[in-house]
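Colleague: Could you take a close look at a single part of this model for me, and then connect that part to the rest of the chain? I would like one continuous account rather than a list.

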Amino acid sequence: DSVRNASDYLNFTDGCMVVPVGHYTSDQSAFEWRISFNHSERLLSTSLNCVQRHCYCLTKLLLKTGDKL
């Protein structure tokens with residue numbers, strides 16, 4: 001069954017979730033899952049100083065644009 005809903009998500013207490021999101025170029029994206037660290041990243045970003053936060057954001061931007069190439 002390829003239908004997914006919020007109850008299918010696996011949530012780990014340390015800010016990691018397994019979510020039903022496939023790669024945008026995949027033929028099987030309806031059946032793919034990925035690990036999401038959104039909550040952990042938010043916790044990390046609140047503990048960084050200004051310079052560290054800028055470096056972190058720049059690194060994320062470079063990684064995100066590199067994936068599209």
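Modeller: Ser36 belongs to strand E3, which covers residues 34–36, and, as everything here is read from a predicted model, the description that follows concerns computed geometry. Is Ser36 buried or exposed? Its relative accessible area is 5%, and because buried means under 20%, Ser36 counts as buried. Leaving aside residues up to four places away in sequence, Ser36 touches Gly15, Cys16, Met17 and Val19; strand E2 spans 16–19, so by the residue numbers Cys16, Met17 and Val19 fall within that strand. The side chain of Ser36 also takes part in a polar contact of 3.4 Å with the side chain of Asn38, and helix H1 covers residues 38–46.

Between strands E2 and E3 runs a loop, and His23 has its place there. His23 is partly exposed, with a relative accessible area of 36%, in contrast to Ser36, which is buried. From C-alpha to C-alpha, His23 and Trp33 are 8.7 Å apart in space, while 10 residues separate the two in sequence.

Following the chain onward from strand E3 leads to the helices, since the pattern along the sequence is β-β-β-α-α, made up of three strands and two helices. Where do these helices meet through charged side chains? Glu41 in helix H1 and Lys60 in helix H2, the latter covering residues 50–68, form a salt bridge with an N to O distance of 2.9 Å. This pair links distant parts of the chain, the two residues being 19 apart, and the structure holds one salt bridge. In general, side chains of opposite charge can pair when their charged atoms come close. Neither partner is buried: Glu41 is partly exposed at a relative accessible area of 26%, and Lys60 is likewise partly exposed, at 38%.

Helix H2 also includes Leu61, which joins Leu58 and Leu62 in a nonpolar patch on the surface, and together these three residues present about 300 Å² of accessible area.

The cysteines Cys55 and Cys57 deserve a separate word. Why is Cys57 not bonded to Cys55? The closest cysteine sulfur to that of Cys57 is the one in Cys55, at 9.5 Å, and because a disulfide requires sulfur atoms within 2.5 Å, this separation is too far for a bond. The count of disulfides by that rule is zero, and Cys55 accordingly is in no disulfide, with the sulfur of Cys57 as its nearest cysteine sulfur. Cys55 is partly exposed, with a relative accessible area of 46%, and Cys57 is partly exposed with a value of 46%.

To set the buried strand residue against the whole, 12% of the 69 residues of the protein count as buried, and Ser36 is one of the buried residues. The protein exposes about 5,800 Å², of which carbon and sulfur atoms supply 61%. As for how the chain is connected through space, among contacts between residues at least 6 apart in sequence, 28% join residues at least 24 apart.

Methods:
Residues are numbered from 1 along each chain as its sequence is written. This is a predicted model: local features need pLDDT of at least 70, side-chain atom pairs count only at pLDDT 80 or more; totals for chains, interfaces and linings use all residues. Side-chain values use heavy atoms; hydrogens and water are left out. Helices (H or I, at least four residues) and strands (E, at least two) are DSSP runs, numbered from the N terminus. Buried means under 20% relative accessible area, exposed over 50%, partly exposed in between (1.4 Å probe, protein chains only). Contact means heavy atoms within 4.5 Å. Accessible areas come from the Shrake-Rupley method with a 1.4 Å probe; for residues, only the protein chains shown count as cover. A salt bridge is a side-chain nitrogen of Lys or Arg within 4 Å of a carboxyl oxygen of Asp or Glu. Patches are made of residues with over 30% relative accessible area and no salt bridge: like charges are joined within 9 Å, nonpolar side chains (Val, Leu, Ile, Met, Phe, Trp, Tyr) within 5 Å. A polar contact is a pair of N or O atoms within 3.5 Å; within protein, one must be able to donate a hydrogen and the other to accept it, and residues adjacent in sequence count only if both atoms are side-chain atoms.
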